[in-house]
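Work through the exercises below with the sequence and the model at hand, and try each task before reading its solution.

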Amino acid sequence: MKYKIYAGLGGGFGGATYQMTEGYATIDEALEDAYNLSVEEYQSYEGMHGVMSWEDCREDLEESGFDYDDESVDSRYQEELESWLSYYVEPAEDE
C-alpha cells in the first residue's frame, strides 16, 4: 500500500510537512520512515534555534549539578529529541 509521509519538527519549525509518497508492506514501516526523516531534520538543526545536541544535554545536566554518565545523557538527549519530532502517515489514494 502507498502512504504519504509527513515529517518535521514542532515548535516554531511548523510541524510535519509532506515529504513523499512511497509503497510499504505495513503502516509500521511507513511510520518508521516518517520518524527517521524527523530525526534527520532534528539533527540538521542541533545546536541552533534551541535544538539541543548530545553535548548540549551533557552540559545541561552538568550545570544542573546532577551526577551523570553517558547513559543518562543519552536518555536526556532522546527525551529532548522526541519532544521536537512531528511525523505521521496517511494512506495515499490510488492514482
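## Aromatic pairs and strand E1

Ring pairs join Tyr6, Tyr18 and Tyr88 into a cluster. The model examined here is a predicted one, and the exercises start from this cluster before turning to strand E1.

**Exercise 1.** Determine how the rings of tyrosine 6 and tyrosine 88 are arranged, and which parts of the chain the pair ties together.

*Solution.* Begin with the total, since the count for this model comes to seven aromatic pairs. For tyrosine 6 and tyrosine 88, the ring centres are 4.5 Å apart and the planes are at 5 degrees, so the pair is stacked; the cut-off needed for this step is that planes under 30 degrees apart count as stacked. Next, place the two residues: tyrosine 6 belongs to strand E1 (residues 2–9) and tyrosine 88 to strand E3 (residues 85–91), so the pair ties together parts that are 82 residues apart in sequence. Finally, consider accessibility, where tyrosine 6 is buried with a relative accessible area of 13%, whereas tyrosine 88, at 35% relative accessibility, counts as partly exposed.

**Exercise 2.** Classify the aromatic pair formed by phenylalanine 13 and tryptophan 84, and locate both residues.

*Solution.* The centre-to-centre distance is 5.5 Å and the angle between the planes is 75 degrees, which makes the pair of phenylalanine 13 and tryptophan 84 edge-to-face, given that the cut-off for this class is over 60 degrees. Phenylalanine 13 sits in the loop between E1 and strand E2 (15–23), while tryptophan 84 is in helix H3 (residues 70–84), so that the pair links distant parts of the chain, 71 residues apart. As for accessibility, phenylalanine 13 counts as partly exposed at 27%, and tryptophan 84 is buried, with a relative accessible area of 16%.

**Exercise 3.** Describe how strand E1 is covered and how E1 is joined to E2 and to E3.

*Solution.* First, look at the covering of E1, which is mostly covered, with six of its eight residues buried. Second, follow E1 to E2: the two strands run antiparallel and are joined by eight bridges, and isoleucine 5 stands opposite methionine 20 in E2. The hairpin of E1 and E2 has five residues between the strands, and in this hairpin glycine 11 takes a positive phi near 65 degrees. Third, follow E1 to E3, where seven bridges join the strands, again in an antiparallel arrangement, and where the bridge partner of tyrosine 3 is proline 91 in E3.

Terms used:
Residues numbered from 1 in each chain as written. Predicted model: local features only at pLDDT ≥ 70, side-chain atom pairs only at ≥ 80, totals over all residues. Heavy atoms only, no water. Phe/Tyr/Trp six-rings, centres within 6.5 Å; stacked < 30°, edge-to-face > 60°. Helix = DSSP H or I, 4+ residues; strand = E, 2+ residues; numbered from the N terminus. Buried < 20%, exposed > 50% of the residue type's maximum accessible area, 1.4 Å probe, protein only. Pairing = 2+ DSSP bridges.
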